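Here are some exercises to try with the viewer open. Have a go at each task before you read its solution.

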Amino acid sequence: MKKPAKKRVTNLDSFSPLENKTVLLGVSGGIAAYKACDLASMLRRAGADVHAVMTPNARQFITPLSLTTLTRNPTHCEQYLDSADWRPEHIDLAKKADVILIAPATADLIAKLATGICDDLLTTMVLASKAKVMIAPAMNPNMLNHPATQQNLAILQNRFRYEVIAPEVGEVACGDYGAGKMATIESIMAAVAARLLSHQTLVNKRVLVTAGGTREPIDPVRFIGNRSSGKMGFAIADAAYARGAEVTLISTVEVERAYPVIVVETAQEMQEAVELEFDTSDCLVMTAAVADFRPLSVSSQKIKKNESEDLLLELTKNPDIIDLLGRVKRKDQILCGFAAESEGLVTNAASKLKRKNLDMIIGNDISVPDIGFGSDDNAVVILTQEGTRESLPRMSKRAIADHIFDIISERFRLMEEENGATVGRD
Ligand code: PMT
């Protein structure tokens with residue numbers, strides 16, 4: 001029987017992990033606004049200095065007094081105040097915030113943020129601040145799935161680097177069913193804690209990541225490919241970037257990111273790109289699913305289906321990129337592979353770790369539905385050269401990526417300690 005996914009719960013009663021952190025809690029006008037009260041209370045109990053900012057529509061659902069009482073700070077609502085002070089308090093707040101968390105974020109607010117409209121206090125403060133912005137969307141499933149909302153979310157995530165805390169699937173307030181329920185308070189708290197407490201452990205490190213599945217052309221229209229969507233690789237690259245690394249992503253899928261993305265198609269192109277970057281990299285994570293074989297010859301014209309009953313394709317072996325680099329890697333470089341297995345997960349991953357001379361390998365069982373290829377989640381086993389083995393249950397690919405970089409950062413720390421000096425690039 002399939003085990004239920006483990007629920008992440010953050011126990012904040014026993015300590016104050018967010019002490020000295022200022023959270024600007026933006027509340028926009030949706031029914032989930034009532035949950036902002038719980039969130040405000042939980043953030044404060046976790047030690048954060050919480051300042052609530054409400055849009056005019058949010059006040060249709062809850063009162064400023066609720067948030068003032070729970071945050072123990074005045075709630076800000078008005079953009080234009082007749083204040084004696086020449087500099088409005090909220091501009092100072094926007095500057096001092098460690099994070100701006102908007103929960104709930106309605107479709108309307110998301111659209112304003114994506115286009116830079118600032119016609120109320122909250123949107124003005126977001127634009128005036130350099131703090132990290134996190135949003136927890138909440139809306140009707142059709143509104144969430146509408147191309148306009150999807151496009152706006154993509155702009156916020158990919159261009160502005162806002163963190164979107166994914167809404168959950170369930171029955172929403174109007175009775176419709178689907179994705180659109182605001183994420184649970186526990187998962188919002190976990191995301192905020194991860195953001196505020198994540199250490200810049202990879203500053204001065206150059207991390208090279210591969211993502212997606214290679215395509216090996218048969219003729220101008222056909223290719224041999226695989227099911228990799230690139231999501232795991234993007235999560236790896238994003239996690240390294242968030243920790244301060246200088247990231248280069250080599251991907252078969254085009255994505256817009258704040259770091260350089262080199263788009264390739266075939267295994268040979270990927271090999272060329274990786275080899276060009278490898279020497280100056282401190283760490284390579286090969287998340288890509290690289291085709292082991294390619295057609296020996298590529299037809300320059302589309303192969304006609306009525307030429308014969310059968311089509312025999314002669315395949316030749318592709319270079320094993322990580323295997324070749326495992327032979328030449330320096331002691332100050334970390335090589336991390338992935339192993340996609342449909343059986344014998346640990347045995348096969350361990351054999352690849354050894355054979356390819358890797359520092360670590362992440363095994364994922366691609367025969368399990370809803371993890372591995374194409375999904376937002378994964379469940380993995382992490383094996384290291386020293387013989388350690390750690391299993392991570394099903395969780396988001398980003399959470400897995402963060403865990404992988406905890407291990408990689410610790411390896412760098414130990415390497416530096418051993419050398420008594422900085423290893424890596426000058
Ligand atoms: O992209 P997603 O949809 O998010 O899916 C993620 C994933 C399932 C593709 C990812 O988690 C994963 O498992 N990637 C590795 C897939 C794979 O090719 O595994 P492998 O066991 O065939 O290869 C082992 C390692 O050798 C991998 O690091 C691979 O990148 C590398 N390799 C393989 C063949 C080759 N010719 N050159 C290589 O460098």
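What follows is three exercises, each with a worked solution.

We're working with a predicted model, where local features need pLDDT of at least 70, side-chain atom pairs count only at pLDDT 80 or more, and totals for chains, interfaces and linings use all residues. Residues are numbered from 1 along each chain as its sequence is written, and side-chain values use heavy atoms, with hydrogens and water left out.

**Exercise 1. The ligand**

Work out which residues surround the ligand and which atoms make polar contacts with an oxygen atom of it.

Step 1: start with the shell. There are 28 residues around the ligand, and Ser228, Ser229, Lys352, Asn364 and Gly374 come nearest (near means that a heavy atom lies within 4 Å).

Step 2: sort them by type. The shell splits into 13 nonpolar, 9 polar and 6 charged residues (Ala, Val, Leu, Ile, Met, Phe, Trp, Tyr, Cys and Pro count as nonpolar, Asp, Glu, Lys and Arg as charged, and the others, Gly among them, as polar).

Step 3: see where they come from. α9 (231-242), α11 (321-328) and β16 (334-341) each give at least two shell residues, and β16 has the largest share with 4 (helices are DSSP runs of H or I, at least four residues, and strands are runs of E, at least two, numbered from the N terminus).

Step 4: look for polar contacts (pairs of N or O atoms within 3.5 Å). A polar side-chain atom of lysine 397 is 2.7 Å from a ligand oxygen. Backbone N or O atoms do the job for methionine 232, at 2.8 Å, and for lysine 231, at 3.4 Å. The protein covers 96% of the 770 Å² of accessible area that the ligand has on its own (Shrake-Rupley method, 1.4 Å probe).

**Exercise 2. The parallel sheet**

Find the order of the strands in the open parallel sheet, then look for a cis peptide bond at alanine 103.

Step 1: trace the order. The 5 strands run β2-β1-β3-β4-β5 (two strands pair if DSSP finds at least two bridges between them). At the edges sit β2 (49-54) and β5 (163-164), each pairing on one side only.

Step 2: zoom in on β3 (99-105) and β4 (132-137), which are parallel and joined by 5 bridges. Isoleucine 102 has isoleucine 135 of β4 as its bridge partner.

Step 3: check the peptide bonds. Alanine 103 and proline 104 are joined by a cis bond, with omega about 0°, and proline 104 belongs to β3.

**Exercise 3. Hairpin and loop**

Describe the hairpin of β6 and β7, then find the positive phi of asparagine 204.

Step 1: β6 (168-171) and β7 (177-181) pair antiparallel over 4 bridges, and valine 169 is matched with alanine 179 of β7.

Step 2: the hairpin has 5 residues between its strands, and glycine 175 in the turn has a positive phi of about 100°.

Step 3: asparagine 204, a residue other than glycine, has a phi near 70°. Asparagine 204 is in the loop between α8 (185-197) and β8 (206-211).

Notes
Polar contact = N/O pair within 3.5 Å; in protein donor to acceptor, adjacent residues only side chain to side chain.
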